[in-house]
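Pull up the model and keep it open while you read. Here is a quick tour, starting with a helix pair and ending with some backbone oddities.

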Amino acid sequence: MVGMRDVARKAGVSLSTVSLAVNGTGYVADATRERIEAAMAELNYVPNELARNLFRGRTNLIGVTIPTVAHPFFAQLTAALQRHLHDVGLRMMLCSTADQERGESEYIDMLKRQMMDGIIIGSHTNQRPEYWQGIGRPVVAFDRFLGEGISSVCSDHVQGAHLAARLLIDSGVRHVVEIGGPRSQFHDLAVASNAGDVDDESFASVLSATVDADDTTFPTVRYHLTFERDLAEAGVRCDYVAVDHVSDPSLFEKAAEEAIRRFPDADAIIAPDLAAAHCVRLALREERVAAAAAAGSSASGSVRHIPDDLQIIAYDGTTAAELAGMTLTVIRQDLDAIAAKLVERMQEAIAAENDADSHGKRERSSAAGSGSLSEASSSVAASCDLIPVTLVRGETTR
């Protein structure tokens, strides 16, 4: 097997010079580097990437945690992340926390033991900011606030809320149904003390009245709160239907069925792509059944027709929105831009750590110390790199 010593002899240089050239750890004159590269090519020498990375203290491996790959949003985000990581010479190690009970803690342990260069957290975590600040290794978050000084990349959910609310308000809606995750998972800041034990059905009104849209570690909560507040100011009723677990796609269909059944007077629904697509299909099925029953009869029934009687907006804009049977109006998140920014922030975090190590010290991820959750809340919005969303009109709104 050809080794560095063989390359050194062939190029007529020292072993240490070949090491400097291969590992990029020191100055090598251009002429010398050319001789080394020529010798490597002639001998078919391939540098040992593992050994080189160990020498540098790097693995080029990035851990990524997401709730589940069963959901189209996270599946597409994962694919985009893998592409962008590959483009900068990094590999991805994926953890679906719904399918791996100790996934997050195992990944953090691997990060601390330098088996990974960094972690992108895209799943729900119960850890407090002090925990993430104390890791002292590269961590970047997606749609989460983990702590002061820890980068986070988010869609501009406040913008998305305003776009959706304005479209519906301008069209004259009077009763909107939201479908989203369980509201209980958002009780991490002032909600816990202000809302108390409130069920999901009435939680929206409590939130709108008591909680600031930035008072949460979940940027997606700002979407719901802003949307609800915009509707309330316009005198539009808003009800909420919860999807208990994002990892079970069948629950989105159940939520759609509940929204259609429980609120027959609703004239608009906004929901994640999967649920919105189910809502469209259910409404179209009702139209077909009513049409068949009314054949040869003058009875018209009370069926809601899309979009005249019922408008539907999908929030996310993934491929799941294309399965509705009609072209859905969507608030589209830019998954490619999100992935690119996450990778950019991860590269910066790794570079900062390498710079700290080169000066003989390792900096913590944040110099802010370990503030409480309530203290951290004021920095939630400021900590996020906001990626704009886009309103794409379809056949399901007026």
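## Helices α8 and α11

Start with helix α8 (residues 157-170) and helix α11 (residues 219-233), whose axes come within 8 Å and cross at roughly 25°. An angle under 35 degrees counts as roughly parallel, so that is the label for α8 and α11. Their crossing is right-handed. Bear in mind that this is a predicted model.

Which residues do the touching? On the α8 side you'll find H157, V158, A161, H162, A164, A165, L168 and I169, and they meet P219, T220, R222, Y223, T226, F227, D230 and L231 of α11. Sorted by class, this contact has 10 nonpolar, 4 polar and 2 charged residues.

## Helices α12 and α13

Further along, helix α12 (residues 250-262) packs with helix α13 (residues 273-293) at an angle of about 50°, and the axes are 8 Å apart. The two are therefore oblique to each other. The crossing of α12 and α13 is right-handed.

From α12, the contact uses F252, E253, A256, E257 and I260, while α13 brings L274, A275, H278, C279, L282 and E286. Here the split is 7 nonpolar, 1 polar and 3 charged.

## The chain as a whole

Zooming out, the chain has 15 helices and 12 strands. It runs to 398 residues, and 49% of them count as buried. About 18300 Å² is exposed, with carbon and sulfur atoms supplying 49% of that area.

How much of the contact network joins residues at least 24 apart in sequence? Counting contacts between residues at least 6 apart, the share is 71%. For one example of distant stretches of sequence in space, look at A79 in helix α5 (residues 72-87). The C-alpha atoms of A79 and D336 are separated by 9.2 Å, though the two residues are 257 apart along the chain. A79 itself is partly exposed, because its relative accessibility is 33%.

## A cis bond at P307

Now for the backbone. Most peptide bonds are trans, but the one joining I306 and P307 is cis, with omega at about 0°. P307 sits in the loop between α13 and β9 (311-316).

Is P307 buried or exposed? Its relative accessible area is 16%, so P307 counts as buried; the cut-off for that label is under 20%. Leaving aside residues up to four places away in sequence, P307 touches E395, T396, T397 and R398. Another handy reference point is V280: its C-alpha atom is 9.9 Å from that of P307, with the two positions 27 residues apart along the chain counted as their separation.

## Two residues with positive phi

Most residues other than glycine have a negative phi. Two spots to click on here are N44, with phi near 55°, and D143, with a positive phi of about 50°. Neither residue is a glycine.

Both are in loops, N44 between α3 (30-43) and α4 (49-56), and D143 between β4 (139-142) and β5 (152-155). Their surroundings contrast, though. N44 counts as exposed because its relative accessibility is 64%, whereas D143 is buried, with a relative accessible area of 5%.

Note on methods: Residues numbered from 1 in each chain as written. Predicted model: local features only at pLDDT ≥ 70, side-chain atom pairs only at ≥ 80, totals over all residues. Heavy atoms only, no water. Axes fitted to C-alpha atoms, helices over the stretch in contact; angles between N-to-C directions. Helix = DSSP H or I, 4+ residues; strand = E, 2+ residues; numbered from the N terminus. Parallel < 35°, antiparallel > 145°, perpendicular 65-115°, else oblique. Left-handed = near helix turned anticlockwise from the far one by under 90°. Contact = heavy atoms within 4.5 Å. Nonpolar A, V, L, I, M, F, W, Y, C, P; charged D, E, K, R; others polar. Buried < 20%, exposed > 50% of the residue type's maximum accessible area, 1.4 Å probe, protein only. Areas by Shrake-Rupley, 256 points an atom, 1.4 Å probe, with all protein chains shown as cover.
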